[in-house]
Each structure stands twice: as structure tokens, then as C-alpha cells.
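Notebook open, coffee poured. I want to look up the pockets first and then a sheet.

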Amino acid sequence: MALTAHRGEILHFLDDPGIAGQEAVVHFPDGLLLVEDGLVADAGPFDVLGGTLPPDADILHHRDALLVPGLVDTHIHYPQCDVIAAYGTRLLDWLETHTFPAERQFEDIAHAESTASFFLEELLRNGTTTALVFGTVHPQSVSAFFTAARERNLRMICGKVLMDRNAPAYLRDTPSTGYRDSKSLIESWHGVDRLGYAVTPRFAPTSSPEQLDMAGRLLAEHPGVHLHTHLAESAEECRWVSELFPDAAGYLDVYERHGLLGRRSVFAHGIHLDDGEWRRLAETGSGIAHCPLSNLFIGSGLFDYRTARENRVHTGLGTDVGGGDSFSLLRVINEAYKVQQLQDCNLSPFESLYLATLGGARMLDLHPHIGNFEPGKEADFIVLDYRATPLIDRRIRGSASLMERLFVLQMLGDDRAVRETRILGETTHGRGQTL
């Protein structure tokens, strides 16, 4: 591949601006992003890097736009595309009424293939270039997903759901079949191109202690795979866990007793945690996926980001489709800001975008590959359109700073604000406005 130069306003992060301050923010008002062989070759001011280009270099000028790294969704269910925006239930009712019937359809490989294709195109349309994804209990749901992701050269993580109790018979596996199928999928897919596997017990109530032991065994036998599950999403769920596991010190302790905490362990939600659980998350390097869209939609509660930050717990953002009612991480940022406002915690536009880019990559332990524009990183990035809608255009024209422009995009933006999505430097979604 030839060297490609992208000229425009560029923003990325070297660290968490909520901790490291302004030094973590890298901004080039008139910048140049150089991409070669699918990787970032360099990023810097145009007046510095422009003179280093060969005479025949291809320069794409992204006017009235902001170039940022691709967005990272740290918790989403691809089989739930068809129950997004379903009316009227809380978490446990949601599973019985909407989720389980939808997931039954993934017995059919053709349904899994068509849904995976739609799902990935929807992610790209919304500027999401990497995601940590739930499949269903059916192994073919994961194979279909990985096949579709590989065709698109995407960096994605997915796993087969483990669920051997407290679920319909048509969606249950067993400790032994769950272990066998997961092991086979790991051997077939983990580390292939840009794909990774996540051991995926749905949540503690739907896995027996024997199955959770098997999940821990899979993690021990396959270093480098992820653990992906739910934690302390609703008060009703937490009470149920305490009844099912009366000997455990708390919800997180259920997982810890089975060896499921660690550097690549991601727990969705984490709304109802005590101080000791926050400390153990930090001590083990485990992460929390903050999913404000679904937390509000299902009525689960408000995530305590201040405590997560104080404890230095790895944190990312998740849409949690289909409990979340949008694929857009810009909309997730919008609601995350409001959730923190209700708790007297101000989430800055820079910190929000960090969580959706480098922060998410760090939580998934993928920061050596993605998350910012450091040389050698994979060139997954998006172009955010300052003229996406008449209202955004009007507000941007009246904005006096980068922080204000970024905040406008976050509060008013959605998929319409994503002018272009590039994977390894190549366009996978675009509105035809690159000049």
C-alpha cells in the first residue's frame, strides 16, 4: 500500500486527561495523519510533516471535520439487534420477554450470518471500529460473527454465551459442552488476523458453580483470551445473586472464587458495588464497561464514575445494544455526561472521548494496537463532520474552542456526525465528502 496523507484537524490522547491533565491531549488544528501499510506512520502539524512527503504523495483534505481514533464499544450484544427499543421491562423481565426469544433464532446459521453482517455495518456507520461482543449459547453464532468481522479486517472480540441454568431449556448448555464448544472456538478463531475470543458466562445467576469453574479453567488454559460478563447491573439481580451464592462475600466475589478476575476481564455495568469490590477490581486490573443508555432505558441505576476514577479502575463505554437504544457511542457519551451530572461529577469532553478511544483500548488490553495515533498503531480512525446537521453546523460556527466544538459533537451528534470510517486506512463507511 502506498503512503496516504490525511490533512485536517486531528485529536487523540496519550493518557487519561482526567488524571494526567492537558498533557494527555494531542491536538493539531491543521494536522497531517500519515498512513502506510494500514498503520500510522506519523501524526503532526501539517507545516512540519507536509515538507517530508514525497512529490507523488496522495493527500486527502478533510475540511470542516475532526479526525479521531476509531471508537471502542466495550459491551454490546450482536444477537439483540432485533429487540432494540423494545418497550416496557426491567432487567430480568427484559431477558425473559425479549432477549431469550431473540437469541433462540441463532440456532439457524443463516440468521446468524445475516445478523452479523447487519450488526457490523451498523457499527461502522456509527464510527465504532472495535467492540467486545456477546454471541449466543450457539457456537455457530460466534463463527458467523468472526467470519463477517474477518472479511472486513476488523479488530473484534466475541464469545459464546455460557448458560446452564435459570434460562429456557432451548438456550442452556452444560458445564462440559460449554467448555468443549468454547475451547474449540478459541482454537479456531483466537488470534486469527485481528480477532480475539472472550470467555462469556452471561452472568452469575445463569451459570452453576461448576460452569463458572469451567470458565476459569478456560482462562487459565488460554492466556490472552478475555472474560466478558455482567456485574451488579440492577438491585433485583444483586439480591438474586446473594440468594444463589449465599457463601460469597458479594457479587464480585462469586466471580473471584472461580478465577475470573484479571487484566483482560471486563464486567458490564458495575452500578451496585461496595468499596471492597471497587478495590478488588483495581487490584486485579479488571475493567468496568459503563453503559448509560441501557442503565437508563431499563431503569437499573446510575454508574459511579467518580469512584471508578478514584480507584483507578479501567473503564470503557458500551452501548449495550439491545438494552441500550442506540449503536452510537456519541449518544453514549451524551447520556454518560448527564448521568454524572446527576451525581455532581463533571465529565469533560476530553475525558469522554478518551473513554471511547484509548480508554476503551486500554481496558481491553488492546492499546498496543489501537486507541490513538502513535506511530505503529493500526490506522482505524473516523472523520467527524462539523457540518453534519444544520443545528451542529450552527453551534460549531459559534464555538470558540476545541473543547466546545467537541462537546457540541458529543451532545448533538449521532451516526450522522460520522462522515467517514476507515479500517487500516481504508474507507469502510463514507458519505462522499472527502476532498
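These are my notes on two pockets and one open sheet, all read from a predicted model.

**Entry 1, the largest pocket.** I looked up its volume and found about 260 Å³. I then checked the lining, which has 16 residues, with Asp 16, Ile 19, Val 313, His 314 and Tyr 354 nearest the centre. Which elements give two or more residues to this lining? I listed α1 (17-20), α12 (305-310), β13 (314-317), α14 (349-356) and α15 (358-363). Sorted by character, the lining residues of the largest pocket come out as eight nonpolar, three polar and five charged.

**Entry 2, the second largest pocket.** Here I noted about 170 Å³ of space. Its lining has 16 residues, and nearest the centre I found Arg 155, Leu 195, Gly 196, Arg 264 and Leu 366. At least two lining residues come from each of β7 (155-159) and β9 (195-201), and β7 gives the most, three residues. I sorted this lining into five nonpolar, six polar and five charged.

**Entry 3, the sheet.** I traced seven strands in an open sheet with mixed pairing, in the order β3-β2-β1-β4-β14-β15-β16. Why is one side of β3 (39-45) and of β16 (426-430) left without a neighbour in the sheet? Both stand at the edges and have a single partner strand each, so one side stays unpaired. From one strand to the next, the twist averages 35°. I also saw that α14 packs on the sheet, touching β1 (4-13), β2 (25-36) and β4 (58-69). The direction of α14 makes about 115° with that of β1.

**Entry 4, one strand pair.** I looked at β15 (residues 418-423) and β16, which run antiparallel and are joined by four bridges. Thr 421 has His 429 in β16 as its bridge partner.

Methods
Residues are numbered from 1 along each chain as its sequence is written. This is a predicted model: local features need pLDDT of at least 70, side-chain atom pairs count only at pLDDT 80 or more; totals for chains, interfaces and linings use all residues. Side-chain values use heavy atoms; hydrogens and water are left out. On a 1 Å grid over the protein atoms alone, a cavity is a set of points where a 1.4 Å probe fits but cannot get out, and a pocket is an open set with protein on both sides within 12 Å along at least five of seven lines; lining residues have an atom within 4 Å of a point. Grid points are joined across faces, edges and corners, and a volume is the space filled by probe spheres set on the points. Ala, Val, Leu, Ile, Met, Phe, Trp, Tyr, Cys and Pro count as nonpolar, Asp, Glu, Lys and Arg as charged, and the others, Gly among them, as polar. Two strands pair if DSSP finds at least two bridges between them. Axes are lines fitted to C-alpha atoms, for helices over the stretch in contact, and angles run from 0 to 180 degrees between N-to-C directions. Contact means heavy atoms within 4.5 Å.
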